[in-house]
Every structure is written in C-alpha cells, then in structure tokens.
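The following exercises are to be worked through with the sequence and the structure at hand. Each task is followed by a solution in steps.

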Amino acid sequence: MSIGVVAHNEPPLVPYQFPIIGHTYNFLRDAENFLKECKEKYGDPFSLYIFGNVVTFAGADIIPEVLKNSDVFDFYTGLNKIFPIHVVFKQFMKNYSSSYTARVVQEQISNKINIYTSRLQKELLSGIEIFFGNCNEPKIFKNIHYTMSLIISKPVANVILGECAQFDDIVASFALVEKEIQKMRYVPPILMFIHPSLHQFFVMLPLRFGWNPISRHRDLFVQRCKPIIEERIRQRKELGEKYIQKEDILDFYISESKTHVVDDNYLDNLFGELYNIVFASVSTTSRPELWNELYEEQLKIHNESNGNLSIEDVNKMVKLDCFVKESLRHSADIAVIPHTVMSDSFTFSNGITVPKDRDIYLYMKDSAFNNKFFGETSIDFQPKRHITSFANGKIVHSPATKVDKSFAMFGGGKRACPGRFFAINEIKMCLHKLILRYNIRTESGKIVPPKIKTSTYVPSDSGLIFENRNYVKV
Ligand code: HEM
C-alpha cells in the first residue's frame, strides 16, 4: 500500500494500493460511498489520487471557504480542464469576460424579473399547451428532461432575443445547444493518466479541426436574427435619443456595442454572448419534480391573481419555494465543480494548506445532507424544514435563492449564480401552472432515483404520467 508524499499541512492523501491507478477505480465504481468513507476516516478536506492527479475534496466545513475566496479558487480554470465550455464560446467572442456575463445576467435579467413576468407566463403557458397539451386521458412522457428544456426555452428565448423568439427553430435550438454541449462533459478523462492537458486536448480536438457543436446554431441565429438586428440598428440611428430600448438582452448588447456595421465578427460576438447565457439558463432550470399537496397554495394564488401572476404573487408561493429548495438540495451532485487554486497556496481556517494549481472538488453531497445543518432527518424530503415558526407566532422562511453555508446549490460568495432569481422565479411559475392543470405521477407510482455518472447525477429516463385535473382553467 503506498501513501503519496504530501507537503507539510496538506490535506491527508488517502492511502492507495496501485500506483498510477490510485483511487480512480474506487471513485468511478461507487463515488457516493467511497467519498463518504474517506471523509469519515480522514476528515475535511482530504485528497485522492484520481486520473493521475492529486485532487482535494472539500466537504461541508471547507466548501464555504472555497466559495468565499473566489479570487484564490477559480471555477473556470477547474471547469475548463474537464469540460471546456468556454473554449466553445470563445471561438465566437474576441474579448470574453465571465465577470461581464455575470453582471449582465444579474442586472439585465435577475433585477428585471418584474418586467418579464407577464411575458414569461404567456410563453410558459404556450409551451405547456404545445408539449403536454390537454392530457384528458393519462399520457406518458418518457424524455421529461428534454420536454422541460423545450418548455423553458420559450420564455428564455423571449427574454434574450425579443421578437427573434417567434421562430420555432430558434426556440428548439436553445434546448439543443444545451444537449450538444453537455455531451462533451461525458468524455471519460482516461487520458489524464498520462497528463491532464491530454484529456483537454482530446475533448477539444474537434474544435481544432473547425467543428464546434454550436456552429449550426450560430448559422440559424444569423439567418433568423440578422434582419431584426439590422432593423433595430437602423431605428437607433434614425431616432437617436428618442429610440426606446427594447426589454431584451439582444437590445442591451446592441446598445453596448454602439456599432452600425452588422458584419460576421459582430454577429459572432453577439451570438457568443447571448448563447453563453442560454446555456447557463436552459441547462439548469428544467426540473420536473412535483408535489401534490402544493395544489391548494397554487389554487389560492391562482384565484387571487385571476390567473395572471405578478412577481408579488410568485413571492407568495412559500410552500412551492420550499418544495423547490428541497428538490434542489436532493438533486445535489455527489462532487462537482473543481475550483483550481490560483495563488501560491491557501491555508484554510483549520490550518490545512493547499498548493497552487490543486483542483478542489466540492463534495456537495456532504454539505446538502449534513446533519449539522439539517439534523437527523437530513436525508428525508421535507420542504417544511425551510420554514421556522417562532413561539410568538412569527414564521420565517429561507428562500430558495438564498445562498449560505448549508445551501451551496447556487455556489456562494462573489461568484454565486447571478441567474438564480430568474431561475427560481421561472421554475415556480412553471410548476404553478403544471400543478394547477395536471395530476402528475411516475409510471411505477414510486420515486425514481436519478442515475449516477461518476460523481454527478443525471435524470432517470423513466416516464412521468400527466393527467388533466379538469378543475381550473390556467
Ligand atoms: C436551477 C438553476 C441554476 C443552478 C442550480 C445554477 C447553479 C450555478 C452555480 C453552482 C454556479 C457557480 C457558482 C460558484 O462558483 O460559486 C453558477 C454560476 C453562474 N450561473 Fe447559474 N445556475 C442556475 C441558473 C442560472 C440561470 C437561469 C442563469 C442565467 C440567466 C445562470 C447564469 C449563471 C452565470 C452567468 C454564472 C457565472 C457567475 C460568475 O462567473 O460569477 N444560472 N450557477
């Protein structure tokens, strides 16, 4: 049994038997139990030798320190090693800046939800009608994840592209972009055994030969949106100060660019900026879990709002919010999002030091199901745990958008997900409409667990049955 050499005060490196292979086999075979055992035996954080590299796993105590120090622990450097999403987009954008994109999402999308609510609602209802329909007879939907992506794509396309979202193929391309990019994520990192950069080279090989999974979406974007972009630029020029900016992200980027020339470079850049946001929003928002007891709350709010939701109505959906938060907690991946150490080293508050270039995986399951935060019932699905009732009758609810040490599903610190307000709002509106209209159950009548892919979960492909409640008109 060999024990790797670790520098003074480094996280303990879990002993392993076979050189080169290290812990790779145990990690691939059963990451869930293997990480649990390691944490119990070696504490937080600990290191493993996987795919030829020493990587560190941060559990519930260390995750908040990693997220808080985003200038030291870089998410994009870590992510690019296994899933070079930014390389895909950088082919289109000359000056890509992740912090600029984050600011646009926060200021132009999340801060303006009240402006978008009625449009989002209209698009969601139309998507639900197209993709689920009446369901007067119970209907089975097999690929529910993709169907939900299609439904979510409609409102997202509307907010991002304004009237360009009238084209069905543009809406479909929003859902497909996500699907195609996600495929890159599942290339097994076997070549990392030789050198980490070899895996990256292999994943990016098609890009080097000029094939980009999203090129055809770029062509469709140009075909559909170029005339609209040109017309908007023409109007801006003609009306000058009198031009009233449209409420969509496309017009925001047009106003920022201050150009009058719609050439290939300009369109590439616009496409890259816009579809980067599309990827972030569609890939994360489509979650079909439902909970029947929420029906009463939805019916009450539906009646009070006459079926026309405002942002205040969405905020009143406290039970639904707790349900969404609990669903997100339960769908936490086992370990995700490596953050790479960018400074010479970093010392955690418990005195343990990690060196430059070390990848720190967030052991999310340890945080999401920790008794320290959620007590003995941490593994149970209990949406009410997010509500606290005080003796004086005061009731406080911890919203799904709140990031703190017990809830890291949206990250934390300065780089916490800026799209979470939009995402939660959209999920709640969508679930509200679905719960009002349908009874939804799994084919087997039991809860179907997701499938495990290495250390992440992917939705199960078992079907969901939708049946019209025949009660309210949504
Ligand atoms: C349920 C849905 C979502 C989940 C679970 C989610 C989760 C996350 C997580 C974990 C991060 C990394 C945070 C960190 O490293 O601290 C992140 C970042 C980000 N998310 Fe989301 N997200 C969701 C929806 C969205 C939506 C709808 C948008 C856009 C409208 C969006 C845009 C972004 C952006 C731009 C970043 C990068 C932030 C930065 O670089 O500072 N996300 N998200």
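## Exercise 1: Unusual backbone geometry

Pro45 lies in the loop that links helix H1 (24-42) to strand S1 (46-50). The model under study is predicted.

Task: Determine whether the peptide bond from Asp44 to Pro45 is cis or trans, and state whether Phe51 and Asp357 are buried or exposed.

Solution.

Step 1. Omega of the bond from Asp44 to Pro45 is near 0°, and the bond is cis. Most peptide bonds are trans, and most residues other than glycine have a negative phi.

Step 2. Phe51 is not a glycine, yet its phi is positive, at about 45°. Its place is the loop between S1 and strand S2 (53-58). A residue counts as buried if 20 or more other C-beta atoms lie within 10 Å of its own. Phe51 has 23 such atoms and is therefore buried.

Step 3. Asp357, also a residue other than glycine, has a positive phi near 75°. It is found in the loop between strand S7 (353-355) and strand S8 (359-362). The limit for an exposed residue is 12 or fewer other C-beta atoms within 10 Å. Asp357 has 12, so it is exposed.

## Exercise 2: The surroundings of Lys365

Task: State whether Lys365 is buried or exposed, and identify which residues beyond its sequence neighbours it contacts.

Solution.

Step 1. Lys365 belongs to helix H16 (residues 364-368).

Step 2. It has 22 C-beta neighbours inside 10 Å, and therefore counts as buried.

Step 3. When neighbours within four places in sequence are left aside, Lys365 is in contact with Glu32, Ala332 and Ile334.

Step 4. For Lys365 and Phe92, the C-alpha to C-alpha distance is 36 Å, and their separation in sequence is 273 residues.

## Exercise 3: Two packings of helix H6

Task: Describe how H6 is oriented to H7 and to H18.

Solution.

Step 1. The axes of helix H6 (residues 113-131) and helix H7 (residues 144-161) come within 8 Å and cross at roughly 150°. Angles over 145 degrees count as roughly antiparallel, so this is how H6 and H7 lie to each other. Their crossing is right-handed.

Step 2. On the H6 side, the residues that meet H7 include Tyr116, Arg119, Leu120 and Phe131; on the H7 side, Thr147, Leu150 and Val159 are among them.

Step 3. With H18, the axis of H6 crosses at roughly 40° and comes within 10 Å. H6 is therefore oblique to H18. This crossing is right-handed.

Step 4. Ile113, Gln121 and Leu125 are among the H6 residues that meet H18, and their counterparts in H18 include Phe421, Met429 and Leu434. Leu120 of H6 is listed in the contacts with H7 and in those with H18.

## Exercise 4: The largest nonpolar core

Task: State how many residues the largest nonpolar core has, which helix gives the most to it, and where it lies in relation to domain 1 and domain 2.

Solution.

Step 1. The largest nonpolar core has 101 residues, and Ile160, Leu161, Leu274, Ala335 and Leu362 have the most contacts inside it.

Step 2. Helix H18 (residues 420-437) is the greatest contributor, giving 10 residues.

Step 3. Residues of this core come from both domain 1 (1-82 + 333-370) and domain 2 (83-332 + 371-405 + 409-468), so the core lies between them.

Step 4. For the protein chain of 474 residues, 37% count as buried.

Definitions and conventions
Residues numbered from 1 in each chain as written. Predicted model: local features only at pLDDT ≥ 70, side-chain atom pairs only at ≥ 80, totals over all residues. Core = buried A, V, L, I, M, F, W, Y, C linked by C-beta atoms within 7 Å. Helix = DSSP H or I, 4+ residues; strand = E, 2+ residues; numbered from the N terminus. Domains from an automatic or database assignment. Contact = placed C-beta atoms within 7 Å. Axes fitted to C-alpha atoms, helices over the stretch in contact; angles between N-to-C directions. Parallel < 35°, antiparallel > 145°, perpendicular 65-115°, else oblique. Left-handed = near helix turned anticlockwise from the far one by under 90°.
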